[in-house]
Amino acid sequence: DLRTVYAFAREFHSKGPNIGKMLYGTAGFRTLHDKLEFIAFRMGILATLRSRTFSGQAIGVMITASHNPECDNGVKIIDPKGEMLEMSWEGIATDLVNVSDDKLESEVAKIIAQQKVDMNAQSNVFIGMDTRYHSPAMGRAVVNGVRALKGNLRDYGILTTPMLHYLVFSHNVKGAYGTPTEAGYVAKLVTAFKKLRGEKLENGNYKNFLLFDGANGVGSLKMFEFNRQLAGTLQCQVFNANGKINHNCGADYVKTSQRPPTGLPEHEPNTRCVSVDGDADRVVYFFIDSNGTFHLLDGDRIATLIADYLMDLVQKCGISLKLGIVQTAYANGASTDYIVDQLKIDVACAQTGVKHLHHKALEYDIGVYFEANGHGTVIFSEKTKAKLSVALNSTATSEERREALNKLLLTIDLINETVGDAISDMLLVETILHTKGWDLSDWLATYDDLPNLQQKVKVQDRNIFETTDAERICVKPEGLQDKINEIVKKYKRGRSFVRPSGTEDVVRVYAEAENADDVQLLAAEVSILVY
Ligand code: NG1
Ligand code: ZN
């Protein structure tokens with residue numbers, strides 16, 4: 001009886017007063033954890049309805065605030081193909097969350113009618129959560145939302161975000177993408193990794209050891225499991241495994257503050273280090289050289305490394321495929337120049353938020369997309385995969401080409417195509433560095449990053465800021481962009497843009513220029529304009 005559902009909602013998952021308008025943004029709903037339980041409940045309802053529109057295909061609900069501080073949490077929905085929630089349903093989610101408790105019933109009825117939801121259809125909701133102490137309470141609220149509509153659910157407990165994407169997709173395609181279990185996920189990646197590595201564990205400057213900063217989040221827990229399976233192949237020492245999530249550590253801290261995480265164990269200079277974020281969908285590399293200088297290798301760098309490697313393999317396969325890299329406005333200008341001038345690969349710019357990059361990457365046969373912060377992956381079109389297997393199965397294919405084809409297919413297996421995945425991306429980078437015989441300074445030598453800076457500016461209302469051209473131009477408030485242009489002109493190789501954050505109540509200011517002092521000035525001048 002639906003009446004009891006709404007009575008229950010009012011009693012246990014009441015919205016309560018003083019909740020401002022909430023938006024389903026680039027990362028779903030994200031805010032202080034104590035404002036989110038009613039949202040989690042409603043997202044349980046929404047996921048159940050959405051699953052019914054797909055005749056019971058699994059829909060995921062992930063509880064996490066990723067790289068945000070511990071006090072925040074969030075909830076986002078994963079679509080049947082393991083992708084982010086379709087944009088048209090973001091509005092539906094926003095409406096469902098913004099109605100009062102009294103209107104919840106009629107809002108649900110409206111969705112059922114408008115989306116023609118067959119309430120007798122099957123439904124399956126998969127739930128996962130990060131390690132935040134308030135995540136279990138939110139998970140229970142999702143469970144209650146699903147149960148309220150008599151849906152089926154699987155509560156997986158603690159998972160990385162990309163693992164849940166994998167579980168949803170592999171379940172829906174009946175295991176064609178891998179066994180739809182956590183063990184199946186680990187086995188898929190580890191098997192491909194081991195085959196690619198072969199017998200020789202070290203090669204040239206590549207040493208078989210790295211330090212793994214788990215951001216005190218789920219990435220560290222899962223890396224322990226990977227380590228059991230990787231034993232004897234890759235030596236990966238995990239640190240930051242059980243402190244406060246993202247606190248002075250993790251990929252976001254390392255990238256934005258451009259310094260090593262706290263908790264970094266004593267180590268030899270030039271040791272490969274890697275940082276993931278709180279839900280393990282982002283990864284960056286770094287090292288400290290023998291002078292004690294810190295060096296960062298971010299998402300731009302990872303994208304160029306991967307694209308270069310894949311281009312080479314594709315050429316060896318003797319197949320013509322269109323490969324492209326998708327970046328955002330935050331990509332370092334030097335990386336874009338390197339892609340165009342040296343790699344000679346097609347490059348596109350998309351709006352912040354991986355769903356936008358993913359969408360753009362679909363335009364290529366092989367689309368490599370990364371945000372500078374280390375969030376990204378590679379997607380291969382169905383046509384590409386079909387071409388590769390046809391070539392592999394043709395008797396006309398030479399042994400040399402066959403080897404390249406096998407290698408490319410194994411590489412595809414190592415990649416989590418559904419979404420950016422820190423552990424999968426890391427294993428791919430490890431594979432490439434091993435193949436090239438590179439240490440991190442070899443990789444760093446491919447191009448020099450322009451000094452850059454990101455600042456957060458607190459404003460009265462960030463929603464008055466509107467942008468266009470993949471966020472590179474600010475159209476509102478009127479006149480702001482002209483002033484930014486005037487300032488930028490003064491700095492050699494200067495570039496700066498401003499945009500409202502989708503996940504925090506701030507306006508972000510980005511600046512880059514040829515020298516570091518200029519960047520400080522440029523960022524400060526533009527920040528003052530925004531403030
Ligand atoms: P916002 O807060 O909209 O800038 C941040 C990241 C995005 C993306 C989302 C989702 C930057 C500059 N922004 O978005 O790239 O990762 O969080 O987690 O890194
Ligand atoms: Zn994340």
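# Close-up views of a predicted model

**View 1. The shell around ligand 1.** In this predicted model, ligand 1 is surrounded by 14 residues, and the closest of these are Ala27, Asn373, Ser501, Gly502 and Thr503. Sorted by the character of their residues, the members of this shell comprise nine polar, three charged and two nonpolar residues.

**View 2. The protein chain as a whole.** The secondary structure of the protein chain amounts to 18 helices and 19 strands, and its C-alpha atoms occupy a box of roughly 70 × 60 × 45 Å when the principal axes are used as the frame. The radius of gyration of the protein chain is 23 Å, which agrees with the value near 24 Å that a compact globule of 531 residues would have. Of the 531 residues in the protein chain, 49% count as buried. When contacts between residues at least 6 apart in sequence are considered, 71% of them join residues that are at least 24 apart.

**View 3. The covered strand β3 and its two partners.** Strand β3, which spans residues 72-78, is mostly covered, with seven of its seven residues buried. Asp72, Gly74, Lys76 and Ile78 point one way from β3, while Asn73, Val75 and Ile77 point the other way, and all of these residues are buried. Strand β1 (residues 29-32) is joined to β3 by four bridges, and the two strands run antiparallel; within this pairing, Phe29 has Val75 of β3 as its bridge partner. Strand β2 (residues 58-63) is likewise joined to β3 by four bridges in an antiparallel arrangement, and here the bridge partner of Val61 is Ile77 of β3.

**View 4. An open sheet of five strands.** The strands of this open sheet follow the order β7-β6-β8-β9-β10, and their pairing is mixed. At the edges stand β7 (235-239) and β10 (294-297), and each has a single partner strand, so one side of each is left without a neighbour in the sheet. On average, and with direction ignored, neighbouring strands of this sheet are turned by 25° against each other. Strand β6, made of residues 209-213, runs parallel to β7 and is joined to β7 by five bridges; Phe212, for example, has Val238 of β7 as its bridge partner.

**View 5. An open sheet of four strands.** This open sheet has the strand order β12-β11-β13-β14, and its pairing is mixed. The edge positions are taken by β12 (346-349) and β14 (376-380), and because each has a single partner strand, one side of each is left without a neighbour in the sheet. Neighbouring strands of this sheet are turned against each other by 20° on average, direction ignored. Strand β11 (residues 323-327) and strand β13 (residues 366-370) run parallel and are joined by four bridges, and the bridge partner of Leu323 in β13 is Ile366.

**View 6. Pro136 in helix α5.** Pro136 has its place in helix α5, which covers residues 135-148. With 14 other C-beta atoms within 10 Å, Pro136 is partly exposed, because this status lies between the limits of 12 or fewer for an exposed residue and 20 or more for a buried one. Between the C-alpha atoms of Pro136 and Asn270 the distance in space is 40 Å, and the two residues are 134 residues apart in sequence.

**View 7. Backbone details in three loops.** Most peptide bonds are trans, and most residues other than glycine have a negative phi. The peptide bond from Lys476 to Pro477, however, is cis, with omega near -5°, and Pro477 is placed in the loop between β17 (473-476) and α17 (480-489). Ser55, a residue other than glycine, has a positive phi near 50° and is found in the loop between α2 (37-53) and β2. Because Ser55 has 11 C-beta neighbours inside 10 Å, Ser55 counts as exposed. Arg493 is not a glycine either, yet its phi is positive, at about 55°, and Arg493 lies in the loop between α17 and β18 (495-500). Arg493 has 15 other C-beta atoms within 10 Å and is therefore partly exposed.

Key: Residues are numbered from 1 along each chain as its sequence is written. Chains are lettered from A and ligands numbered from 1 in the order in which they are written. This is a predicted model: local features need pLDDT of at least 70, side-chain atom pairs count only at pLDDT 80 or more; totals for chains, interfaces and linings use all residues. A residue is near a molecule or strand if its C-beta atom, placed from the backbone, lies within 6 Å of it. Ala, Val, Leu, Ile, Met, Phe, Trp, Tyr, Cys and Pro count as nonpolar, Asp, Glu, Lys and Arg as charged, and the others, Gly among them, as polar. The radius of gyration is taken over C-alpha atoms; the globule rule is 2.2 Å times the number of residues to the power 0.38. Two residues are in contact if their C-beta atoms, placed from the backbone, lie within 7 Å. Two strands pair if DSSP finds at least two bridges between them. Axes are lines fitted to C-alpha atoms, for helices over the stretch in contact, and angles run from 0 to 180 degrees between N-to-C directions.
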